[in-house]
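Please look through the model below with the sequence at hand. The text after it starts from a single contact and then works outwards.

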Amino acid sequence: MYEQEREELVEILKQKEITDERVLNAFSKVERHLFVPGVMKHHSYKDVALPIGYEQTISQPYTVAFMTQSLKTKPGDKVLEIGTGSGYQAAILLAMGVKVFSIERNHDIYQRTQKLFDKLGLRAALRFGDGTIGWEEYAPYNGIIVTAGAPSVPKRLIKQLAVGGRMVIPIGGRKIQTMKVITKISEDELKTEEIPNFTFVPLIGKEGWKEE
Ligand code: SAM
């Protein structure tokens, strides 16, 4: 279903400078409409964020592709995602052969996505909780992807990143953020690239925003 629409979306991503073949392949395989709730399904292959309930969103495909490409993963890498949401980003990483650990703070969303993953046979470790403190048990991670906007980089996430690993995280105000791509050069040296103008829902938690 929707094969044609998916290929058109992949073409849009190519025009927006998504060049990594593994990322583009994952976008042509993963069926985004399975992660979008009922009434919005027919918009699934537009390059836009869509509501998933509870004032949360499934991110814009370009943003998912950009963040995934920036992580530069290899098959078998361990990636920690903060903000499971619909599960689409996690499914893209799984399609690239990555081992996914993902945390969601909204219990209803967590349960719904866990059920969907069981139904689709997607094998990721999903957890309910505050992702700003990370998931110590399986650290260090080759990649950490934060899919909600944070006021600053949570220190514990930096700790849980492997040396040589990358973290992709939107940092800024509650409405607009700059994407930071952080490479951990050594235990006490980081290299950061910044790309402006992204829009995410807020990361709420101990090392994030306070709930309003
Ligand atoms: N990656 C998701 C996807 O593919 O659909 C998009 C995530 S949505 C833009 C952001 C998600 O982050 C929401 O589901 C929200 O409940 C969650 N969130 C916000 N703060 C969080 C926190 N501290 N820990 C875990 N999840 C959090």
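**A walk through the predicted model**

The side chains of Thr84 and Ser102 are joined by a polar contact of 2.7 Å. This is a predicted model, and the distance is computed from its atoms. Thr84 sits in the loop between β3 and α4 (88–95). Although it belongs to a loop, Thr84 has a relative accessible area of 5% and is therefore buried, the cut-off being under 20%. Besides Ser102, the residues that Thr84 touches are Ile103, Glu104, Thr113 and Leu126, if residues up to four places away in sequence are not counted.

A charged residue in a buried position comes next. Lys184 belongs to strand β8, which covers residues 177–186. Its relative accessibility is 1%, so Lys184 counts as buried. What does the side chain of Lys184 reach at 2.8 Å? The partner is the backbone oxygen of Ile158. The backbone oxygen of Leu161 is also reached by the Lys184 side chain, at 2.9 Å. Both partners appear among the residues in contact with Lys184 once its neighbours within four places in sequence are left aside. That set also includes Lys159, Ala162, Val163, Gly164 and Gly165, together with Glu189 and Leu190. Gly131 can serve as a distance marker: it is 53 residues from Lys184 along the chain, and the two C-alpha atoms are separated by 19 Å.

The backbone has some points to check as well. Ala139 and Pro140 are joined by a cis peptide bond, with omega at about 5 degrees. Pro140 is placed in the loop between β5 (125–128) and β6 (141–146).

Which phi value does Lys72 have? Its phi is positive, about 50 degrees, although Lys72 is not a glycine. Lys72 is found in the loop between α3 (61–71) and β3 (78–82). With a relative accessible area of 56%, Lys72 is exposed, because the cut-off for that class is over 50%. Asn197 is another residue other than glycine with a positive phi, in this case near 70 degrees. Asn197 lies in a strand, β9, which spans residues 189–198. Is Asn197 buried or exposed? At 60% relative accessibility, Asn197 counts as exposed.

The whole chain can now be considered. Its secondary structure consists of 6 helices and 9 strands. The C-alpha trace spans about 50 × 35 × 30 Å along its principal axes. Why can the chain be described as a compact globule? A compact globule of 212 residues would have a radius of gyration near 17 Å, and the chain has 16 Å, so the two agree.

Burial and contacts add to this picture. Of the 212 residues, 49% count as buried, and Thr84 and Lys184 are among them. Among contacts with a separation of 6 or more, 52% are between residues 24 or more positions apart. The Thr84 and Lys184 environments described above give local views of the fold; the contact share is a value for the protein chain.

The surface and the charges complete the account. The protein chain exposes about 10,500 Å², of which carbon and sulfur atoms supply 52%. There are 29 positive and 27 negative side chains in the chain. The centres of these two sets lie 3 Å apart.

Conventions:
Residues are numbered from 1 along each chain as its sequence is written. This is a predicted model: local features need pLDDT of at least 70, side-chain atom pairs count only at pLDDT 80 or more; totals for chains, interfaces and linings use all residues. Side-chain values use heavy atoms; hydrogens and water are left out. Helices (H or I, at least four residues) and strands (E, at least two) are DSSP runs, numbered from the N terminus. Buried means under 20% relative accessible area, exposed over 50%, partly exposed in between (1.4 Å probe, protein chains only). Contact means heavy atoms within 4.5 Å. A polar contact is a pair of N or O atoms within 3.5 Å; within protein, one must be able to donate a hydrogen and the other to accept it, and residues adjacent in sequence count only if both atoms are side-chain atoms. The radius of gyration is taken over C-alpha atoms; the globule rule is 2.2 Å times the number of residues to the power 0.38. Accessible areas come from the Shrake-Rupley method with a 1.4 Å probe; for residues, only the protein chains shown count as cover. Lys and Arg count as positive and Asp and Glu as negative; His and the chain ends are not counted. The place of a charge is taken as NZ of Lys, CZ of Arg, CG of Asp or CD of Glu.
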